[in-house]
Amino acid sequence: MFMKKIAWATFVILFLGACKGKELTLRVQNQSSMDRISEIVSVDWHAIAEGLTLAAGETIIIQDAAAQQVVYQLVYDGKDTPQSLIFLVDVPANSSVTYTVKKGIPNRFISRTYGRYVPERMDDFAWENNRIAFRMYGPALHGTNNNGVDVWVKRTDSLIINKFYYDDLNNKKSYHEDHGEGLDCYDVGHTLGAGGVAPYRNGKLWMGETYTSYKVLDNGPLRTTFVLNYDSIYVDGKNLRQTLTVSLDANSQFTKATVTCYGELDTLSLAAGIALHGGNEKLETNVDAGLIAYAEDHREAGWIYVSVLLPEGVSKIVQDDTHALALAANRIGQPFTYYFGAGWSKWGFATNEDWVSYTYEYMQKIRQPLTVTINH
């Protein structure tokens, strides 16, 4: 019924000749019925480095058909050497586009993603791209029983995390008010907020405490990835640990999250959830599509939209007075990947219908990834 393994960005097919040359061509194919604009694809870095016979310290450039440089990033995944190469592509529906990679000095790329630990604001961990911003609560707030996701809506493609924190903490401008770039008007409280995840067992959601430690794996210009560790999640009297690997790409409203639980239980359900705040709101759930889409009216601040996507399938969706939850079976030690995202009526999504349409299209993109072929 559902694909059991979903590639996040691309399936990579390598056709490298025995003879190594001075440039490689990267053929990006779009087999979907949608134009794929400013989307990120990934290829194995070792294949690129070997194909170009790169020496230590040598750099590359990627060019489109017009010989214009394309923005790219070497992804380390927390390791000492690059593991993959990601870059931006535009590919019309049901067609392919060719890019060229060769040795050269790349242009300076403006970062479109960013994240950091924020010790000056109660140990938050905040992250953003050129579309949206999020944060999770840290050790200084331990005891609040809160591992929910907070969202900051934006109407600028500039990175605003540092500015918002600085202005708010120095009593210049509150980030709870919109001064032309966006604001934090979302209420997390004691909930999963805008797409948090928690075990679900015996008809109950078992929310954990704040994260206890973190590690940044990559930080722009096109992708920011980090790991949050949670040590205090109690389920039926048993203590579980949880790692949450979080990754946000440029140009996307959605964050990818992979959670792994460790502890004494063998199996459990995981619930990716959205807090329900009551009042004027709209909720769409679709078990077959594997998603929940939610809209809530913040009056003068506009409408905030939140969705969760479970590409590997949803066993069922449950709802109570505080949450809409998409459930999926999971085993201890087995990674589980889902996506959460948000949007704003004042920037990009004038209506709830616009947001719901974007949510369904994003799921289709996950399930129909662009493919990349490397040729010498």
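This note goes through some aromatic contacts, strand pairings and backbone features of a predicted model.

1. Aromatic pairs. The count of aromatic pairs in this predicted model comes to 24. One of them is formed by Y72 and F109, whose rings meet edge-to-face, with 5.5 Å from centre to centre and 75° between the planes. This pair links distant parts of the chain, since Y72 belongs to strand 5 (residues 72–75) while F109 lies in the loop between strand 7 (95–103) and strand 8 (113–118), and the two residues are 37 residues apart. Y72 counts as buried because its relative accessibility is 9%, and the cut-off for that word is under 20%.

2. A tilted pair and a ring cluster. Y338 and F340 also form an aromatic pair, but here the arrangement is tilted, at 6.0 Å from centre to centre and with 40° between the planes. Both Y338 and F340 are buried. These residues belong to a cluster that is linked by ring pairs and that consists of Y117, F125, W127, F134, Y214, F226, F336, Y338 and F340.

3. Charges over rings. Rings in this model also meet charged side chains, and R131 is placed over the face of W347, at 4.0 Å from the centre of the ring. In a further case the charged end of K282 sits over the ring of W303, at 5.2 Å from the centre of that ring.

4. An open sheet. Five strands make up an open sheet with antiparallel pairing, and their order across the sheet is 14-13-19-24-23. Strand 14 (204–205) and strand 23 (316–319) stand at the edges of this sheet, and because each of them has a single partner strand, one side of each is left without a neighbour in the sheet. Within the sheet, strand 19 (residues 267–275) pairs with strand 24 (residues 323–331) in the antiparallel sense, and 9 bridges connect the two. When you follow this pairing in the structure, you can look for L268, which stands opposite N330 in strand 24.

5. A hairpin and its turn. Strand 15 and strand 16 run antiparallel and are joined by 6 bridges, and together they form a hairpin with 3 residues between them. Y214, which was named above as part of the ring cluster, stands opposite L228 in strand 16. In the turn, G220 has a positive phi of about 80°, and a cis peptide bond with an omega of about 10° joins G220 to P221. P221 itself is found in the loop between strand 15 (213–219) and strand 16 (223–235). For comparison, most peptide bonds are trans.

6. Positive phi outside glycine. Most residues other than glycine have a negative phi, and two residues deserve a look on that account. S38 is not a glycine, yet it has a positive phi of about 50°, and its place is in strand 3 (residues 36–44). With a relative accessibility of 29%, S38 counts as partly exposed. D123 is likewise not a glycine and has a positive phi of about 65°, but D123 is found in a loop, namely the one between strand 8 and strand 9 (124–129). Is D123 buried or exposed? Because its relative accessibility is 13%, D123 counts as buried.

Note on methods
Residues numbered from 1 in each chain as written. Predicted model: local features only at pLDDT ≥ 70, side-chain atom pairs only at ≥ 80, totals over all residues. Heavy atoms only, no water. Phe/Tyr/Trp six-rings, centres within 6.5 Å; stacked < 30°, edge-to-face > 60°. Helix = DSSP H or I, 4+ residues; strand = E, 2+ residues; numbered from the N terminus. Buried < 20%, exposed > 50% of the residue type's maximum accessible area, 1.4 Å probe, protein only. Lys NZ or Arg CZ within 6 Å of the ring centre and 35° of its normal. Pairing = 2+ DSSP bridges.
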